[in-house]
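Notebook open, model loaded. I'll jot down what I look up as I go, strands to start with and empty space after that.

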Amino acid sequence: MKICFIADAFVEQYVGGAELTTQALISSAPKSFNISKINSHQISKKILEDNKDQHYIVCNFSRLSDECRIYMAKNVSYSIVEYDYKLCKHRSFKKHKVVTGKDCDCLDENNVFNKVSKIFYSYANKVWFMSNGQKNIFLSSIQTLKEERCETLSSVFEKGDLLFMNNIKANEKDGRYLILNSNFWIKGTQESIKYAKSNNMPFETVENLPYHEMLIKLSLSRGLIFMPLDYDTCPRIVIEAKMLGCDLVMNDNVQHKDEEWFRSQDSCFEYMKNRPETFWKHYEQ
């Protein structure tokens, strides 16, 4: 089977949570699959016409044209791995209001963006979500999206990274909390710093560390403070902190925090081990 991943960026271009999950999916593909990948801005109608024998797995797709989305809905086989809320132009309902000063209107019936989004999600063979809360919001927002075609996947980790975390999870911890220093509005860096200062919690901000260095830093820290400003569907750093035995200080915008698999360090590890298999067995049927 030919599978082509479509994404705005892949891990060799930008190292973010979505890109790491996409790479973990690609790396864990069964050998019987012929895997390729292409950036969303490179996709054209002609490429889609010439490669109808492929199944496309669409990850972040903000640079995929409306023309291509509509063509895919009508003519090709595809799945979507939904990392955030791309049924809003700003990928966040609250950020939409922050940027425009108005409530999000992306879901209005007469909005062209809404019409294209509904078509694209509704005609997908499968839509994978990062958390149950995210999935439920999509199902209530797009009535034509069939629940039987939707499944919660969560973040996905490479086997080697899970082994690395298992090996360092017992590291002796200091008294500091980590705060992710991010340029992304939704990550709530200033909100987290404000919380730490208000509660006299010793903290350190971290940014742009190589991935394994970041994991080591987490393993040596007492905890993580993470206060996203809107729904963060399944923030990877929170899962990493849990598996590394950190105390977690977070708000209700962390959408996976109450899911059963996230209740303990052990259940977290066990759940993450089977994520690739859960994904790929769907395409082996």
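**Entry: strand β9 and its neighbours**

I started with Phe226, which stands opposite Met250 in β10. The model is predicted, so I keep that in mind for everything below.

Next I checked Ile225, and its bridge partner in β10 is Val249. I then looked up the pairing as a whole: β9 and β10 (residues 247-250) run in the parallel sense, with four bridges between them. How does the chain get from β9 to β10? I followed it through helix α10 (residues 236-243), and the β-α-β crossover that this makes is right-handed.

β9 also pairs with β7 (residues 177-180), again in the parallel sense, this time over two bridges. There I found Tyr177 standing opposite Gly223 of β9.

Which way do the residues of β9 (223-226) point? Gly223 and Ile225 go one way, Leu224 and Phe226 go the other way, and I noted all of them as buried.

**Entry: helix α7**

I went through α7 (159-168) for burial. Asp161, Leu162, Met165 and Ile168 came up as buried. Looking down the axis of α7, I see these buried residues fall within an arc of 135°, so they line one face of the helix. Lys159, Leu163 and Asn167 are on the other side, and they are exposed.

**Entry: two asparagines with positive phi**

I looked for positive phi in residues other than glycine and wrote down Asn200, with phi near 50°. Where does Asn200 sit? I found it in the loop between α8 (189-198) and β8 (203-206). With a relative accessible area of 70%, Asn200 is exposed, because the cut-off for that word is over 50%.

Asn208 went on the list too, with a positive phi of about 55°. It belongs to the loop between β8 and α9. I read 73% relative accessibility for Asn208, so it counts as exposed as well.

**Entry: the largest pocket**

On to the empty space. Rolling a probe the size of a water molecule over the atoms shows where empty space is left.

The largest pocket holds about 1400 Å³ of space. I counted its lining at 43 residues, and the ones nearest its centre are Tyr14, Gly16, Gly17, Phe184 and Lys187. Which elements give two or more residues to this lining? I got α1 (17-27), α9 (211-219) and α10. α1 gives the most, with five residues. I also sorted the lining by type: 21 nonpolar, 12 polar and 10 charged.

α10 therefore turns up twice in my notes, as the helix of the crossover from β9 to β10 and as a contributor to the lining of the largest pocket.

**Entry: the second largest pocket**

I put the second largest pocket at about 300 Å³ of space. Its lining is 14 residues, and Ser28, Lys159, Lys273, Pro276 and Glu277 lie nearest its centre. The elements that give two or more residues here are α1, α7, α11 (265-273) and α12 (275-284). By type I have eight nonpolar, two polar and four charged.

I had already met Lys159 in α7, where it is one of the exposed residues.

**Entry: the cavity**

How many cavities of 30 Å³ or more are there in the whole structure? My search found one. About 30 Å³ of space lies in the largest cavity. I listed its lining as Ala7, Asp8, Ala9, Ala18, Glu19, Thr22, Cys59, Asn60 and Tyr83. Five of these lining residues are nonpolar, two are polar and two are charged. Which element gives the most to the lining of this cavity? It is α1, with three residues.

Last jotting of the day: α1 gives the most to the lining of the largest pocket, gives two or more residues to the second largest pocket, and gives the most to the lining of the largest cavity.

Conventions: Residues numbered from 1 in each chain as written. Predicted model: local features only at pLDDT ≥ 70, side-chain atom pairs only at ≥ 80, totals over all residues. Heavy atoms only, no water. Buried < 20%, exposed > 50% of the residue type's maximum accessible area, 1.4 Å probe, protein only. Pairing = 2+ DSSP bridges. Right-handed = clockwise from strand over helix to strand, strands pointing away. 1 Å grid on protein atoms, 1.4 Å probe; cavity = no way out; pocket = protein on both sides within 12 Å on 5 of 7 lines; lining within 4 Å. Points joined across faces, edges and corners; volume = space filled by probe spheres on them. Nonpolar A, V, L, I, M, F, W, Y, C, P; charged D, E, K, R; others polar. Arc of directions from axis to C-beta.
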